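Colleague: I have a model open and would like to learn how to read its features one by one. Could you walk me through it?

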Amino acid sequence: MASTINATTTNGVAVTGDTSGSLALQTNNGTTAVTIDTSQNVGIGTSSPDNKLEVALTDNAGINLEQLGASQTGYINWRDSDGTLSGRISYDHGTDAMRFATVNTERMRIDTSGNVLIGGTTNYSST
């Protein structure tokens, strides 16, 4: 569960608390729109975000933003309704490169010098 702030259509704003450490913003008398969990992950359309920002569109489809660390790689991922990674934009801090991928394969890269490389070969896992 989570402590909730609920905008109801009958009583205005209702606040309920628990000791989970999570917060849910609700609309329409109990439909959760935004969740903030104990790791400060924010989920829009999901009550259990796995990343700092996760937007669930329908089923497992959605977009998430993931930063692994100051000297590592950050991602924006697009997933199909079955959860399969279908697209990714990433910034690799180690090489200062932007990478663009579809169907788990890098298709384009902009390197630290601003060169655009097309037809990369990096294959991404489903993470």
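Modeller: Happy to! Let's start with burial: a residue counts as buried when its relative accessible area is under 20%, and as exposed when that value is over 50%. Glu106 has a relative accessible area of 3%, so Glu106 is buried. Keep in mind that this is a predicted model.

Colleague: Where in the chain does Glu106 sit?

Modeller: Glu106 belongs to strand 11, which covers residues 105-110.

Colleague: How many salt bridges does a search of the whole structure find?

Modeller: The general idea is a side-chain nitrogen of Lys or Arg within 4 Å of a carboxyl oxygen of Asp or Glu. By that test, the whole structure has three salt bridges. One pairs Arg109 with Glu106, at 2.9 Å from N to O. Another links Glu106 to Arg99, with the closest N and O atoms 3.7 Å apart. Arg99 also meets Asp92 in a salt bridge, at 3.3 Å from N to O.

Colleague: Are the partners Arg99 and Asp92 buried or exposed?

Modeller: Arg99 and Asp92 are both buried. The pair of Glu106 and Arg99 is likewise buried on both sides. Through shared partners, the salt bridges connect Asp92, Arg99, Glu106 and Arg109 in one network.

Colleague: Let's move to the fold. What does the secondary structure of the chain come to?

Modeller: The chain has zero helices and twelve strands. Read from the N terminus, its elements are β-β-β-β-β-β-β-β-β-β-β-β.

Colleague: And how do I read contacts along the sequence?

Modeller: Take the contacts with a separation of 6 or more, and ask what share comes from residues 24 or more positions apart; in this chain, that share is 4%. As for burial over the whole chain, 28% of the 127 residues are buried. The accessible surface of the chain is about 7,600 Å², and carbon and sulfur atoms account for 55% of that surface.

Colleague: Which way do strand 8 and strand 9 run, parallel or antiparallel?

Modeller: Strand 8 (residues 73-79) and strand 9 (residues 85-92) run antiparallel, joined by seven bridges. For a pair to look up in the viewer, try Gly74, which is opposite Tyr91 in strand 9. The hairpin of these two strands has five residues between them, and Gly83 takes a positive phi near 90° there.

Colleague: What should I keep in mind about side chains along a strand?

Modeller: Side chains in a regular strand alternate between the two faces of the sheet.

Colleague: Now a polar residue away from the network: why does Glu54 count as buried?

Modeller: Glu54 has a relative accessible area of 17%, so Glu54 counts as buried. Glu54 lies in strand 6, residues 53-56. For polar contacts, look at which atoms the side chain reaches. In this case the Glu54 side chain reaches the backbone nitrogen of Asp50 at 2.9 Å. A second polar contact, of 3.2 Å, joins the side chains of Glu54 and Asn51.

Colleague: Finally, the surface. Which residues make the nonpolar surface patch of about 350 Å²?

Modeller: That patch is made by Ile5, Val13, Val15 and Leu25. Val15 is a good one to inspect. Val15 is in strand 2, residues 13-16. With a relative accessible area of 63%, Val15 is exposed.

How values were computed
Residues numbered from 1 in each chain as written. Predicted model: local features only at pLDDT ≥ 70, side-chain atom pairs only at ≥ 80, totals over all residues. Heavy atoms only, no water. Patch = residues over 30% accessible without salt bridge, like charges linked within 9 Å, V, L, I, M, F, W, Y side chains within 5 Å. Areas by Shrake-Rupley, 256 points an atom, 1.4 Å probe, with all protein chains shown as cover. Helix = DSSP H or I, 4+ residues; strand = E, 2+ residues; numbered from the N terminus. Buried < 20%, exposed > 50% of the residue type's maximum accessible area, 1.4 Å probe, protein only. Contact = heavy atoms within 4.5 Å. Pairing = 2+ DSSP bridges. Polar contact = N/O pair within 3.5 Å; in protein donor to acceptor, adjacent residues only side chain to side chain.
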